[in-house]
Amino acid sequence: MDEWFDVYSLTDPNTQEELQVEGLRDSISYILEIIRKEVEVGLVPPSNIVLLGISQGCATAVHALLAGQYRLGGFIGIAGWMPFRRQMVDLAGSRKDGACLSKFYDDTLGLTGASQSNSQDNVTTPVLLCHCADDDVVNVELGHQLRDALMISNLDINVTYKEFVSGGHWIPGPDGFDTIVDFLRNRAFISC
């Protein structure tokens with residue numbers, strides 16, 4: 001699979017992780033550049049930006065969130081996983097501050113200067129993760145691992161996790177869409 005980055009196996013995304021580095025670095029850089037430009041133009045404050053990814057887009061976007069420097073309005077991840085999860089968990093468990101993120105992105109992905117915000121605003125972004133138990137593309141256990149990695153106490157990310165019984169590798173409607181709308185409504189993005 002190579003939509004956002006190369007990945008050898010979705011059964012075990014840890015297999016041949018080195019294949020993921022170049023594409024993941026390029027894709028994260030691309031997303032971060034879009035966010036930076038939107039914020040610098042001054043028309044869209046970071047608090048009005050919601051980053052959303054489905055499947056491999058979620059796997060990419062979650063790293064863009066963590067490598068970024070802004071507290072966004074929200075992050076929504078659907079049917080995703082976390083590339084390099086073991087390295088992130090090891091680093092986060094060994095550090096008492098957000099410097100673990102910078103070290104990971106510098107050393108592992110070559111994203112020099114990523115996540116350099118002194119306040120670590122990026123990890124205060126509210127996160128919604130959704131996954132279907134019957135997902136036959138990205139096993140729901142990988143969604144659990146993503147959730148658990150983000151909830152590591154040293155990162156202290158506020159994660160809401162919603163698991164649906166059925167829906168496959170997609171957003172189960174209408175419950176899935178209602179969950180997303182409620183998440184956005186609770187953050188004042190939707191007023192109806």
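A residue is called buried when its relative accessible area is under 20%, exposed when that area is over 50%, and partly exposed when the value lies in between. With that scale in hand, Asp182, which has a relative accessible area of 38%, is partly exposed, and so is Arg185, whose relative accessible area is 34%. The model in which these residues are seen is a predicted one, and the values discussed here are computed from it.

The side chains of Asp182 and Arg185 meet in a salt bridge, with 3.3 Å from N to O. Both residues belong to helix H6, which covers residues 175-185, and because they are 3 residues apart they are separated by about one helical turn. An α-helix has 3.6 residues a turn, so residues three or four places apart point the same way.

A similar question can be put to helix H1: which residues are joined there into one network by salt bridges that share partners? The members of this network are Glu33, Arg36, Lys37 and Glu40. Two of its links can be followed through Arg36, whose side chain meets that of Glu33 in a salt bridge of 2.3 Å from N to O, and which also forms a salt bridge with Glu40, where the closest N and O atoms are 2.5 Å apart. Within helix H1, which runs over residues 21-41, Arg36 and Glu33 lie 3 residues apart, about one turn of the helix, while Glu40 and Arg36 lie 4 residues apart, again about one turn. Arg36 is partly exposed with a relative accessible area of 24%, Glu33 is partly exposed with 29%, and Glu40, at 55% relative accessibility, counts as exposed. In the model as a whole, the count comes to 5 salt bridges.

Helix H1 also has residues that are buried, namely Val21, Gly23, Leu24, Ser27, Ile28, Ile31, Ile35 and Val39. What do the buried residues of H1 pack against? They pack against strand S1, residues 50-54, and helix H2, residues 56-67.

The length of H1 can be checked by simple reasoning, for which the expected span of a helix is taken as 1.5 Å times one less than its number of residues. The 21 residues of H1 should therefore span 30 Å, and the C-alpha atoms at its ends are 30 Å apart, which agrees with that expectation. Just after H1 comes Gly42, which takes a positive phi of about 90°.

Key: Residues are numbered from 1 along each chain as its sequence is written. This is a predicted model: local features need pLDDT of at least 70, side-chain atom pairs count only at pLDDT 80 or more; totals for chains, interfaces and linings use all residues. Side-chain values use heavy atoms; hydrogens and water are left out. A salt bridge is a side-chain nitrogen of Lys or Arg within 4 Å of a carboxyl oxygen of Asp or Glu. Helices (H or I, at least four residues) and strands (E, at least two) are DSSP runs, numbered from the N terminus. Buried means under 20% relative accessible area, exposed over 50%, partly exposed in between (1.4 Å probe, protein chains only). Contact means heavy atoms within 4.5 Å.
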